Amino acid sequence: MLKFYGIKNCNSVKKAMDYLNSKQIEFEFLDIKKLDEKTLDFWLSKRSVLELVNTVGMSARKIGLSKEKLQNLNQGEIKAMILQSPTLIKRPLIIKDDKVFIAKEYENF
């Protein structure tokens with residue numbers, strides 16, 4: 001079964017859930033706001049931080065985060081920032097077969 005990370009009131013998440021439901025693909029919904037370090041470490045082992053973090057979203061704008069600033073942070077700073085504000089992660093984020101799919105990549109299922 002897929003692990004589906006998101007926020008219930010996010011339009012992108014709602015669209016993805018509708019898509020998966022229309023394809024009768026089962027998934028477990030997990031609130032991205034409850035992100036833990038072990039899960040984040042797994043995501044970072046599979047995808048780059050630039051792929052994971054939405055630098056144009058509201059959460060990034062609130063803290064003044066840009067791609068350039070993100071690239072200048074070390075791994076510890078990045079992890080601390082994401083764990084403090086998990087909504088920086090692009091959504092939805094889906095785990096399937098030990099792979100991490102971000103945003104509209106679910107359309108390839």
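The side chains of Asp41 and Lys79 come together in a salt bridge, with 2.8 Å from N to O. Asp41 belongs to helix α2 and Lys79 to helix α6, so this pair ties together parts that sit 38 residues apart in sequence. The model is a predicted one, and this bridge is a handy place to start looking around it. Lys79 has a second partner: Glu37 also forms a salt bridge with Lys79, and here the closest N and O atoms are 2.9 Å apart. Since Glu37 lies in α2 and Lys79 in α6, that pair ties together parts 42 residues apart in sequence. Put together, Glu37, Asp41 and Lys79 are linked in a network of salt bridges.

The three members of this network are not equally covered. Lys79 counts as buried because its relative accessible area, 15%, falls under the 20% limit. Asp41, at 33% relative accessibility, is partly exposed, and Glu37 is partly exposed too, at 43%. The count of salt bridges comes to five. Another of them joins Glu51 to Arg47, with the closest N and O atoms 3.2 Å apart. In that pair Arg47 is buried, with a relative accessible area of 15%, while Glu51 is partly exposed at 33%.

Back to α6, the helix that holds Lys79. This helix covers residues 75-84, and its buried residues are Ile78, Lys79, Met81 and Ile82. These residues span an arc of only 165° around the axis, which puts them on the same side of α6. An α-helix has 3.6 residues a turn, so residues three or four places apart point the same way. What lies over the buried residues of α6 includes α2 (37-46), α3, α4 and α5 (67-71). At the N-terminal end of α6, Asn74 acts as a cap: one of its side-chain oxygens lies 3.0 Å from the backbone nitrogen of Gly76.

Now for the other helix with a clear buried side, α1. Helix α1 runs over residues 11-22, twelve in number, and reaches 16 Å from its first C-alpha to its last, close to the 16 Å expected at 1.5 Å a residue. Its buried residues are Val13, Ala16, Met17, Tyr19 and Leu20. Seen down the axis, they fall within an arc of 160°, so they line one face of the helix. That face packs against β1 (2-6), β2 (27-31) and β3 (93-96). On the other side of α1, Asn11, Lys15, Asp18 and Ser22 are exposed. Just after the helix, Gln24 takes a positive phi of about 55°.

What about the nonpolar interior? The largest nonpolar core has 34 residues, and the members that touch the most others are Phe4, Trp43, Ile82 and Leu93. At least two residues of this core come from each of β1, α1, α2, α3, α6, β3 and β4 (99-102). The largest share, five residues, is supplied by α1. Phe4 gives a good view of how these parts meet. Setting aside neighbours within four places in sequence, Phe4 is in contact with Val13, Ala16, Met17 and Leu20, among others, and these four are buried residues of α1. The contacts of Phe4 also include Phe27, Glu28, Phe29 and Leu30, as well as Pro92, Leu93 and Ile94.

The last stop is the stretch around α4. Thr55 sits in the loop between α3 (49-52) and α4 (58-63). Is this loop residue buried or exposed? Thr55 is buried, because its relative accessible area of 13% is under the 20% limit. Not counting residues up to four places away in sequence, Thr55 touches Ala60, Leu65, Ser66, Lys67 and Leu70. One of these, Ala60, is found in helix α4 and is buried, with a relative accessible area of 0%. Again leaving out residues up to four places away, the contacts of Ala60 are Asn54, Thr55, Leu65 and Leu88. The contact with Leu88 spans a good stretch of chain: Ala60 and Leu88 are 28 residues apart along the chain, yet their C-alpha atoms are separated by 6.2 Å.

How values were computed
Residues are numbered from 1 along each chain as its sequence is written. This is a predicted model: local features need pLDDT of at least 70, side-chain atom pairs count only at pLDDT 80 or more; totals for chains, interfaces and linings use all residues. Side-chain values use heavy atoms; hydrogens and water are left out. Buried means under 20% relative accessible area, exposed over 50%, partly exposed in between (1.4 Å probe, protein chains only). Contact means heavy atoms within 4.5 Å. The arc is that of the directions from the helix axis to the C-beta atoms. A polar contact is a pair of N or O atoms within 3.5 Å; within protein, one must be able to donate a hydrogen and the other to accept it, and residues adjacent in sequence count only if both atoms are side-chain atoms. The expected span of a helix is 1.5 Å times one less than its number of residues. A nonpolar core is a set of buried Ala, Val, Leu, Ile, Met, Phe, Trp, Tyr and Cys residues joined through side-chain atoms within 4.5 Å. A salt bridge is a side-chain nitrogen of Lys or Arg within 4 Å of a carboxyl oxygen of Asp or Glu.
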